[in-house]
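Biologist: I should like to learn how the features of a protein model are read. Could we begin with the sheets?

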Amino acid sequence: MKIETIAIHAGNHVDPHTKAVVQPIVMATTFERDADGGYASGYQYSRSANPNRDALEKVLAQLENGVEAAAFSSGNAAGMSVFQSLAPGTHVIAPDDMYHGLRNQAKQLFAGVLEFDFIDVNDEATLRAHIKPNTGIIWVETPSNPLLKITDIKKVVAIAREHNIKVVCDNTFATPVCQQPLSLGADLVMYSSTKYFGGHSDLMGGALITAEKSDWWTKIRAVQTMGGAVPSPMDCYYLVRSIKTLPYRVKGHVHNALLLATFLENHPAVEQVMYPGSASHPQYEVAKEQMILPGAMMSFTLKGGQEKAKKVVNALKIFTQATSLGGVESLIEHRASVEGPDTKTPFNLLRVSVGLEHIDDLIADLEQAMA
Ligand SMILES: *Cc1c(COP(=O)(O)O)cnc(C)c1O
């Protein structure tokens, strides 16, 4: 089946009792036992499993061509579960521009438990130089946040394989509509489903999808159910509902993003546009090779520094100045001020999550704001 069909049908079933076409929401935390003490339904307690979470995990696994998925209460909870699944003392190689929330988590919550090196994962010599006997994981995030740098997943996987190291890919910016890391050899895909999967800026969620069942995956499952950072049945329901339109939403987002990038590249106030779908992107060829579509996240820098960037943001009427991404509404953000004083993000950079408004209205809004 193609992704549009999977998104609609996987994880949904007609309710056998009422014949409801949409799977009902099961809010119960606990499930009745049989006379012999067993659980005929397969459900026992909702932290361990819930019908709506099962439905969500099923569609996530199929979208990604994985064997199983685990749903979490946020992207950070999904990331933390990966770190918690590792033996103390494991060395983790992560990108120097890793999503700042996870970088802070790694540094602050796992200090003294795991060893981290934050490097340019895409640079082969640097990557090889940092591999140690206790390296367990190479973390990849591509396209990266907020510079939209591309990491060649196949290349990283090939190096990891030589050393029996697992590769985890944060695929939040791309979604399975734009990039499928498991098919490029990654072992685990991580998502903040708060973003494109939810798609309407109204729920938090995270997910991990595995290429194979393994002892490591069993450990991750244990962290999920014993740790308990699980999504509510309501959030699972909303995610399953939103995922049905994910392929078409993402295609619409990408359509707008390609046109917006072209507009920005030709605008005299713009210094540089960072978008994997632009031929001017330094890794355009790698992006074209490994991505199905270039996504709808982009950053651009303005001539006139931080002052001009902040002026533009405040003059916009349709774009909302807010963090996060992947919703139907276009968002824009002065990223350096979110990331704190040690950020490497240029101060004249704005990050855009291109929404689903009409592209003419988005361009007109930027035009008046940059004038
Ligand atoms: C938002 C985000 C996360 C964290 O997800 P939450 O749902 O906010 O916990 C992780 N990685 C990337 C790339 C993100 O954009």
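Modeller: Strands (E, at least two residues) and helices (H or I, at least four residues) are DSSP runs, numbered from the N terminus. Two strands pair if DSSP finds at least two bridges between them. Here, an open sheet of 5 strands follows the order E8-E9-E12-E11-E10, and its pairing is mixed. At the edges are strand E8 (270-274) and strand E10 (320-321), each of which pairs on one side only. The model is predicted: local features need pLDDT of at least 70, side-chain atom pairs count only at pLDDT 80 or more, and totals for chains, interfaces and linings use all residues. Residues are numbered from 1 along each chain as its sequence is written, and side-chain values use heavy atoms, with hydrogens and water left out.

Biologist: How many bridges join E8 to strand E9?

Modeller: There are 4 bridges between E8 and strand E9 (residues 297-302), and the two strands run antiparallel. Within E9, Leu302 is the residue that Val270 stands opposite.

Biologist: Which helix lies across E8, E9 and strand E12?

Modeller: Angles run from 0 to 180 degrees between N-to-C directions, and axes are lines fitted to C-alpha atoms, for helices over the stretch in contact; contact means heavy atoms within 4.5 Å. Helix H10 (residues 246-265) lies across E8, E9 and strand E12 (349-353), and runs at about 10° to E9.

Biologist: Where is Asn348 found, and is Asn348 buried or exposed?

Modeller: Buried means under 20% relative accessible area, exposed over 50%, and partly exposed in between (1.4 Å probe, protein chains only). Asn348 is in the loop between helix H13 (335-339) and E12. Because its relative accessible area is 13%, Asn348 counts as buried. Leaving aside neighbours within four places in sequence, the contacts of Asn348 include Glu271, Phe300 and Leu302.

Biologist: How should one read the directions of side chains along a strand?

Modeller: In a regular strand, side chains alternate between the two faces of the sheet. In E1 (residues 68-72), Glu68, Ala70 and Phe72 point one way, Ala69 and Ala71 point the other way, and all are buried. E1 pairs with strand E7 (residues 206-210) in the antiparallel sense over 5 bridges, and Phe72 stands opposite Gly206 in E7.

Biologist: How are aromatic pairs described?

Modeller: A pair of aromatic rings is described by the distance of the centres and the angle of the planes. Rings of Phe, Tyr and Trp (its six-membered ring) pair if their centres lie within 6.5 Å; planes under 30 degrees apart count as stacked, over 60 as edge-to-face and the rest as tilted. The whole structure holds 7 aromatic pairs. One of these joins Tyr191 and Phe197 edge-to-face, at 4.7 Å centre to centre with 80° between the planes. Both Tyr191 and Phe197 are buried. Tyr237 and Tyr238 also form an edge-to-face pair, with 5.8 Å between centres and 65° between the planes. Tyr238 is partly exposed, because its relative accessible area is 37%. One aromatic cluster is formed by Phe83, Phe110, Phe116, Phe118 and Trp139.

Biologist: Which ring does the charged end of Lys195 sit over?

Modeller: A charge sits over a ring if NZ of Lys or CZ of Arg is within 6 Å of the ring centre and within 35 degrees of the ring normal. The charged end of Lys195 sits over the ring of Tyr99, 5.5 Å from its centre. Lys251 lies over the face of Tyr248, at 4.4 Å from the ring centre.
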